[in-house]
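Subject: A structure for you to explore

Hello,

Here is the structure I promised to pass on to you. Please open it next to this email, and follow along as I describe what turned up.

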Amino acid sequence: MDSVFLCRIFFIMSAFYTPDITAQIRYSVPEEMKKGSLIGNIAHDLGLDVQRLRSGRARIVSGDSTQYAELKTDKGTLIVKERIDREQLCAETTPCSFTFEIILDNPMELHHVTVEILDVNDHSPIFAKDEINLEISESATPGARFLLGGADDPDVAVNALQKYILSPNDNFILKQHSRPDGVKYAEMVLQKPLDREQYPHLSLILTAVDGGNPHRSGNMKIEVTVLDANDNAPVFNQSVYRAAIEENASKGTYITIVNASDADSGSYGLIAYSFANIKGNINDIFKIDEKSGVIILTGMLDYERAKKYEIGIEAKDQGGLGNSAKVIVELIDVNDNVPVISVMSFSSPVNEDSPVGTTIAILSVKDLDAGDNGQVSCTVNRNMPFKLHGSLRNYYTLVTDAALDRERVAEYNITITATDSGSPALSSLKTLNLKVSDVNDNPPRFQKSVYTTYVTENNQPGLSIFTFSAQDDDWNQNARISYLLDETTVGGAPVSSFISVNADSGVVQALRAFDYEQMKNVHLCVKAHDGGSLPLSTNVTLDIIIQDQNDNAPQVLYPVQTAGSVVTEIVPRSADVGYLVIKVVAVDVDSGQNAWLSYKLQKATDRALFEVGLQNGEIRTVRQVTDKDAVKQKLTVIVEDNGQPSRSAVVTVNVAVADSFPEMLSEFTDSGQNKEYNNNITFYLVLALAAVSFLFITCVVVIISVKIYRWRQSRFNQSNLPVIPYYPSHYAETGVTGTLPHGYNYEVCMTTDSRKSDCKFSRLGGQSVLVMDPSFTETMQRAMKENNLLEDRESPEMQKPPNPDWRFPPNQRPGPSGQHRFHTLQQRWTPYEKSRAGVRPDEAGAGAGVIAGTGPWPNPPTEAEQLQALIAAANASEATATLGPRYNLQYGQDYRQNVYIPGSTATLTPNPQQQVPQQALPPPQALPPAEVPKAAQTPASKKKPTKKDKK
């Protein structure tokens, strides 16, 4: 059904050249549409963009309490918000419609929308009674009329009641009539006389049918009882009755009376009155007395809902004959509705610089009364810069009538009064609170254009000198004032190097100390600007006057004094009283009373002889000079200023009381020599004291250094361990006699926590040279290679036992004994493959030396013994050992071929018959403890051996 009527939607758009109403649109939609059903595309019909609806905050404004339509700004469509019942909304009024306005802001637009509600055949005709009883006399003649009344169908137009149908019968036909107001009713006309004896009772059905599609109908049952004859029907004295009543009439108010008469007598002449063809809620508003025909008011009247009522009246006698008439009740409007002010749009706040004529609000004023009671006039309170412009259909626009100034009035309470023309007149008020937004139209303001402040010289840097305070009549950010110092120069330097101005507080601070003698005042210009988008500024001048402080002592200009000389004046012994000896001249760079100088005699050899002028500084004699007066007179004059506190300077003047220059010279020369002598003594005393102090400190440092060095050496000696020496066969050291020198010194540094090692081979001056024995024709490398081959061929199990022929007495052992001292081995453990050792002994040749332990031992040491030797060597920082008695030439052959076994008294001697190198011995068995080598003798400890020692 909705789709059938949606295709009938149309709109009418009328453009107005007014600033408030832009267009009028009319839509037609059927009633009883579902919520959310589409009414129309308002954006398309108005030619607006959907974005415009959002930015303009498009909204629906309606004066009714119920809003039937809703605006979807995201799609620009109108949809059904509430169920629309045409019969409830408009009753019998046709066409039925409701109106509302769509308001848009920025710029402000007003569009009037009318939605016409099309009737839907949703009601069936309904009779006031489901059944009526008619008593008709059998004597009724054909053509007699019997009023059946009518059915009520709330629908309108084609869906309203169209016709009545009477069930088929032989006696009655049906006739249909229409009143001027469109109400249709039916009459039953007797066509064939009744016969009570044949048909005492008849049952008929009256059907009311509307014109909808499909048709709807309503039925009423008619029960006819045939009576004896009653040949006169009641007759009204007038066919139409008229009455007028005010809408505010109270219940029970008399309206009118109807009157009918019947020519019959008896029971057939008794008439009963009733409402006929009742439509709507007539029975709830009016009541008729059945016997008297008086009509009274029983309900509430409202002129705004219905301006008049047409009531059908029926008069019926006891014989069933009846007649009808009509009563028209017209309502008189009473001024009982106050005007209603609705705010369609309101812009607050408004800028204070808005031009005259700016739209502030759009108002809608409605009065439900009619005539003069509904004529409304609007006014705005006086003494305000606003006025109202009337527009179409009781719309008003509130605009500005004068320039706004937020600084004078920040907000307005605008009262709008709507008054109708009734008697008495009714009025209503609407108050709008309009805020005026600030515009940066006021610059900062100072109380003065030039300020003066004082500061004393020698001030502390950072001292607050002055504080600027400006006012800005604007508000918020526009009133936030910042202070900026204009860059000028003072004495050739920028003023910013002397003064700083806090941008927020306006506090003026001194960046350095002022000196009155160099600068008397500072002139600066400060600009105060606000924080508006277009900032406004005001300049102000500050004169800083520097006040003098007594910070300079008087300076003596005459007599001029240097470090090594003093002015000497000669006064003859014949000088009279008041004789001018000298005038002390002094100045003070300060000003004012700080520069006022006074002279006083502080010290004098003879105070009774001289005086000083208090103001002029003149030194004069007070009395006559006599022979008793000393030749040398020393005067000390103090010059003071008048400051608080005062400062002073001292000048010394030597006065010679003598008649000749030689006498004066001899006196002052002697005193100079004595002073020089005393100065020389003081210098020498100071120099001697400094020298003694330096020697004492040096001795203390040296003693402490020696103590530390010995302490470290003692710690190293405590960890000494014996070192296993080894001397290879077929080699001897030449060029040296006695104790073996240090031919080579090896330092192997290895650590367990480092992958880097340092192996350092150092050679001492080449004093020891290894030479080959003439009888030994093999090189060292070749012998070592052969030894390695023999060791590989024969396993340890195949080794032969030691030859007993090689054993020697202990004193003949060629091993380390006597005064022979051999090199040490220092090792720090690092894996072999990570060490950075130098050239290996077996690759270095004869010039590189041989490391201890690399020769052909009788029995190679095991890995455990090697590890113990390495650990012991790592703990020792320096190990020393003594060698046996000095080798003689007769032991030369034995030195090269015999091998000393540490920890044993045995000495290996090679078999002359064997041509191969000595094989290694099997692992040694338990041997007797080795004798501890004796300490090497020093030259100081050498002495002749005793008999006990020889033994």
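Let me start with the cysteines: the structure holds one disulfide. Before going on, please keep in mind that this is a predicted model. The disulfide links Cys90 with Cys96, and their sulfur atoms are 1.8 Å apart. Which hand does this disulfide have? The torsion about the S-S bond of Cys90 and Cys96 is about 70°, so the disulfide is right-handed.

You can also check how hidden these cysteines are. Residues under 20% relative accessible area count as buried. Cys90 has 10% relative accessibility, so Cys90 counts as buried. Cys96 is buried too, because its relative accessible area is 2%. Elsewhere in the chain, Cys378 has a relative accessibility of 14% and therefore counts as buried.

Next, a sheet to look at. Three strands make up an open sheet in the order E3-E6-E5, and their pairing is antiparallel. At its edges are strand E3 (38-40) and E5, each of which pairs on one side only. From one strand to the next, the twist averages 40°.

Here is how those strands are joined. E3 and E6 run antiparallel and are held together by two bridges. Within E6, Leu78 is the bridge partner of Gly40. On the other side of the pairing, E5 and strand E6 (residues 77-80) also run antiparallel, with four bridges between them. Glu70 has Ile79 in E6 as its bridge partner.

E5 and E6 form a hairpin with four residues between the strands, and in this hairpin Gly76 takes a positive phi near 75°. Try colouring the side chains of strand E5 (residues 69-72), too. Which of them point to the buried face? Ala69 and Leu71 point to one face and are buried, while Glu70 and Lys72 point to the other face and are not. This fits a general pattern: in a regular strand, side chains alternate between the two faces of the sheet.

A second sheet is worth a look. Its four strands form an open sheet in the order E10-E17-E16-E13, and here the pairing is mixed. Strand E10 (131-137) and strand E13 (161-166) are at the edges with a single partner strand each, so one side of each has no neighbour in the sheet. On average, neighbouring strands of this sheet are turned by 25° against each other, direction ignored. E13 pairs with strand E16 (residues 201-210) in the antiparallel sense, over five bridges. To find your way along that pair, look for Tyr164, which stands opposite Ala208 in E16.

Now for the charged residues. How many salt bridges are there? The count comes to 24 salt bridges. One of them is between the side chains of Arg86 and Glu87, at 3.6 Å from N to O. Both Arg86 and Glu87 are buried.

Another salt bridge joins Glu223 and Lys221, whose closest N and O atoms are 3.2 Å apart. The two partners differ in how they sit. Glu223 is buried, because its relative accessible area is 7%. Lys221 has 38% relative accessibility, so Lys221 counts as partly exposed.

The side chains of Glu310 and Lys308 also meet in a salt bridge, at 3.9 Å from N to O. Lys308 counts as partly exposed because its relative accessibility is 48%. There is a network as well: salt bridges link Glu32, Arg83 and Asp85.

I have kept a puzzle for the end. Look for Glu247 in the loop between strand E19 (240-246) and strand E20 (254-257). Glu247 is buried yet has no salt bridge. Where is the nearest side chain of opposite charge? That side chain belongs to Lys307, and it is 9.3 Å away from Glu247. Leaving aside residues up to four places away in sequence, Glu247 touches several others, including Leu301, Tyr303, Leu331, Ile332 and Val334. Among its contacts there are also Asp302, Glu304, Asp333, Asp336 and Asp369.

Have fun exploring, and write back with any questions!

Best wishes

Methods: Residues numbered from 1 in each chain as written. Predicted model: local features only at pLDDT ≥ 70, side-chain atom pairs only at ≥ 80, totals over all residues. Heavy atoms only, no water. Buried < 20%, exposed > 50% of the residue type's maximum accessible area, 1.4 Å probe, protein only. Pairing = 2+ DSSP bridges. Lys, Arg positive; Asp, Glu negative; His and termini not counted. Salt bridge = Lys/Arg side-chain N within 4 Å of Asp/Glu carboxyl O. Contact = heavy atoms within 4.5 Å. Axes fitted to C-alpha atoms, helices over the stretch in contact; angles between N-to-C directions. Disulfide = S-S within 2.5 Å.
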